[in-house]
Amino acid sequence: MLFPTKGLKAINHKDTHYRWIYRNRAGKNELWVEMSASAAGQFMIADVPRVVNLEMIPKAIDFARANGWDPLKKADPFRCKYVKGSFQHLEA
């Protein structure tokens, strides 16, 4: 699975630059986030509701980093889900 390259938006969170995109794939709404400087590093995919506000992006990054997401190493995508105001880790 490759990280998309068109339509990316930038965010600077805690002095680290990330790129993100909101996508609808196969009827599921997903937020994809990767570190801008990581060459083919691990990225994060969060299942999100239909309406996404910009405050969800830093929350998703903080949650993922606290739960094992390492955007500097090559690995399968870190998956999580937004449920009732907070994120939950989805096991692969």
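**A walk through the fold, starting from its core**

Let's begin in the interior: the largest nonpolar core holds 20 residues, and among these Leu31, Val33, Met44 and Trp69 touch the most other members. Five elements each contribute at least two residues to this core, namely β2 (16-25), β3 (28-35), β4 (44-47), α1 (56-66) and β5 (78-83). Of these, α1 gives the most, with six residues. Keep in mind as you turn the view that this is a predicted model.

Met44 is a good place to pause. Setting aside residues up to four places away in sequence, Met44 touches Leu31, Trp32 and Val33, then Ala60, Ile61 and Ala64, and also Trp69, Phe78 and Cys80. Leu31, Val33 and Trp69, its companions among the residues that touch the most other core members, are all in that list of contacts. There is also a second, separate core of five residues, which includes Phe3, Trp32, Phe43 and Ile45. Trp32 is thus a member of the second core and is touched by Met44 of the largest one.

Now step back to the whole chain. The protein has one helix and six strands, and along the sequence these follow the pattern β-β-β-β-α-β-β. How does the radius of gyration agree with that of a compact globule? For 92 residues such a globule would come near 12 Å, and the protein has 12 Å, so the two agree. Along the principal axes, the C-alpha atoms fill a box of roughly 30 × 30 × 25 Å. Buried residues make up 38% of the 92. Of the contacts with a separation of 6 or more, 48% are between residues 24 or more positions apart.

On the outside, the accessible surface comes to about 5,800 Å², with 52% of it belonging to carbon and sulfur atoms. The side chains include 15 positive and 9 negative ones, and the centres of the two sets lie 6 Å apart.

Is the acidic residue Glu34 buried or exposed? Glu34 lies in strand β3, and because its relative accessible area is 8%, under the 20% limit, Glu34 counts as buried. Beyond its neighbours within four places in sequence, Glu34 is in contact with Phe3, Tyr18, Arg19, Phe43 and Trp69. Two of these partners, Phe3 and Phe43, belong to the second core, while Trp69 belongs to the largest one.

His13 offers another buried site to look at. This histidine is found in strand β1 (residues 9-13), and its relative accessibility of 12% is under 20%, so His13 is counted as buried. With residues up to four places away left out, His13 touches Tyr18, Pro58, Ile61 and Asp62. Tyr18 also appears among the contacts of Glu34, and Ile61 among those of Met44.

Finally, which loops hold the lysines with positive phi? Lys14 is found in the loop between β1 and β2, and has a positive phi of about 55° although it is not a glycine. At 64% relative accessibility, over the 50% limit, Lys14 therefore counts as exposed. Lys84 lies in the loop between β5 and β6 (86-89), and its phi is near 50°, again a positive value in a residue other than glycine. Lys84 counts as exposed because its relative accessibility is 84%, over 50%.

Methods. Residues numbered from 1 in each chain as written. Predicted model: local features only at pLDDT ≥ 70, side-chain atom pairs only at ≥ 80, totals over all residues. Heavy atoms only, no water. Helix = DSSP H or I, 4+ residues; strand = E, 2+ residues; numbered from the N terminus. Rg over C-alpha atoms; globule rule 2.2 N^0.38 Å. Buried < 20%, exposed > 50% of the residue type's maximum accessible area, 1.4 Å probe, protein only. Contact = heavy atoms within 4.5 Å. Areas by Shrake-Rupley, 256 points an atom, 1.4 Å probe, with all protein chains shown as cover. Lys, Arg positive; Asp, Glu negative; His and termini not counted. Charge placed at Lys NZ, Arg CZ, Asp CG, Glu CD. Core = buried A, V, L, I, M, F, W, Y, C linked by side-chain atoms within 4.5 Å.
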